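This report describes a contact between two chains and a metal site, and it should be read alongside the sequence and coordinates shown here.

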Amino acid sequence: MSEETKKIKLKVYRTNYKKEEPPHYDEFDVSVKRWTTVLDALLDAKSYSDSSLGIRYSCRMASCGSCGMKINGKPRLACYTKISELNDQTIVCDPLPSFPRIRDLVTDFTEFFAHHKKIEPYIHNDKVPIEVVNKDDLVEFKQTPEDVDKYLQFSYCIKCGLCYSACPTVATDTKFPGPQALSQTYRYMADTRDSGESTRLDIIDDRHGVWRCHFAGSCSNVCPKGVDPALGIQLLKGHLIGITKNDKKIATLRSKEE
Amino acid sequence: MGIKPNNENNSSTDGDIKLKSGREGLMGWLNPTRYGWERVSYWLQRLTGVGLLIYFIGHIYETSSLVNGINAWNSMLELTQTPGGHIFLLLVIGASTFHTVNGLRLIFTESGIGLGRPGRPDYPYDATSLNYKQKSGIWVAMLLAAIAMLYGGMVMFGDVN
Ligand code: HEM
Ligand code: SF4
Ligand code: FES
């Protein structure tokens, strides 16, 4: 029990638009240890100082994508950010930039999810019905580990919105799909099971689409899962202007006998 | 700033959430220091690009004064022979050098060249696209801009003529 305890100041953005409460910061003194995360500290404040503090979280292990917020000036996951790594006596928590604010640190993801939904983020394949009525219709695609490597990192996205929040284009353009949706477009393009390339490219090759990306790299700078959305988007652009070929072969189906 | 609550997603319990758009807008653009060198590159490329465009328009205006005779042209030239004019031209030299060199880097990176390949992410999940190979292009552009400005400064402020 010799673990060192330290006091830090937690500054939290507070507001309640419903009650016309003007935005302000509340300060909490919290004791932290080496492994205390920002989410731990916020929950400490919520438990022992002010139970009205509005935060959203679920998994506490960087898997659900609920706890994104601006911590000391950058979008981060509260559960994945240790106080000790921030090297600061004062930790400032703000709601995620570019997301509409509901209350305190809680933001509205409706528009973000709508952008994701718009690129039809599920396997399109003419040979396979989207809805399985008959159990015998269930099929399996043949895919090698090398095929999987081409899209795996993009499929690790937890829809936390940090990339969307860091993007300078999103900051000024509501119609821009943002790094999350665009990198998911690449994810399906690289997947050998999917044949919906032209449908999706039509959606993003638009005046407010993929070309509004200028490789500021901020999305990849903040992504907590190694998705590297900027990579997916630049590869997408390279493909659209014909620099990189997508010579993927659509995966075949494994028959029941195989 | 009315986004309608979407009841399909049960994001609302009483149907009347009040929201405020949290967009940073231009204020977010003004600070390029938070997200690494690529954000600095993005910021400078736009700043120098727009700067060069303004200079280009001014430059057409300046050179077109020649149609009004040699005296009009000479009085235009005198504007650039002041210390203020020298400093302005230095900025143009720096901006055009940075914009050209970094622009070449962007032509490659934005076509997906030099950014590495997708693979299996591993802790600490560093992004392959933010590698030093392409990042060094930004530093080279800044260095060459500094050298060009230094040389230009020596020519303009030194007693060469
Ligand atoms: C050979 C020289 C040049 C090269 C290689 C070059 C390259 C580029 C590239 C690649 C971009 C796109 C960057 C991005 O996607 O964000 C760009 C943007 C731009 N360039 Fe150039 N450029 C050159 C000369 C010029 C000149 C002479 C002007 C002005 C007359 C200019 C004005 C602009 C402007 C206004 C932008 C838009 C900036 C933005 O939207 O961020 N460029 N340049
Ligand atoms: S790409 Fe990364 S930062 Fe963006 S939503 Fe997915 S996990 Fe979050
Ligand atoms: S609580 Fe699930 S990602 Fe942080």
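## Metal site

Helix α4 of chain B holds H99(B), and in this predicted model the NE2 atom of H99(B) is the single donor that the protein provides to the iron atom of ligand 1, at 2.0 Å.

## Extent of the interface

Where chain B meets chain A, 42 residues of chain B and 54 residues of chain A take part in the contact. The area buried between chain B and chain A comes to about 4,100 Å², and carbon and sulfur atoms account for 57% of that area. Within chain B, the residues that lose the most area to chain A are R23(B), Y35(B) and E110(B), which together make up 18% of what that side buries.

## Polar and charged pairs

The interface of chain B and chain A contains four salt bridges by the rule applied. One of the salt bridges across the interface joins E24(B) to K70(A), with the closest N and O atoms 3.3 Å apart. Polar contacts across the interface of chain B and chain A involve 16 residue pairs, counted with both residues at pLDDT 80 or more.

## Composition of the chain B side

On the side of chain B that touches chain A, the helices α2 (37–64) and α4 (83–109) of chain B each supply at least two residues, and α2(B) gives the most, with four residues. Sorted by class, that side of chain B has 15 nonpolar, 13 polar and 14 charged residues. Helix α4 of chain B thus appears in both parts of this report, as a supplier of residues to the side that touches chain A and as the place of H99(B).

Key: Residues numbered from 1 in each chain as written. Chains lettered and ligands numbered in written order. Predicted model: local features only at pLDDT ≥ 70, side-chain atom pairs only at ≥ 80, totals over all residues. Heavy atoms only, no water. Contact = heavy atoms within 4.5 Å. Buried area = accessible area lost by both parts, 1.4 Å probe. Salt bridge = Lys/Arg side-chain N within 4 Å of Asp/Glu carboxyl O. Polar contact = N/O pair within 3.5 Å; in protein donor to acceptor, adjacent residues only side chain to side chain. Nonpolar A, V, L, I, M, F, W, Y, C, P; charged D, E, K, R; others polar. Donors = N, O, S within 2.8 Å, 3.2 Å for Na, K, Ca; no water.
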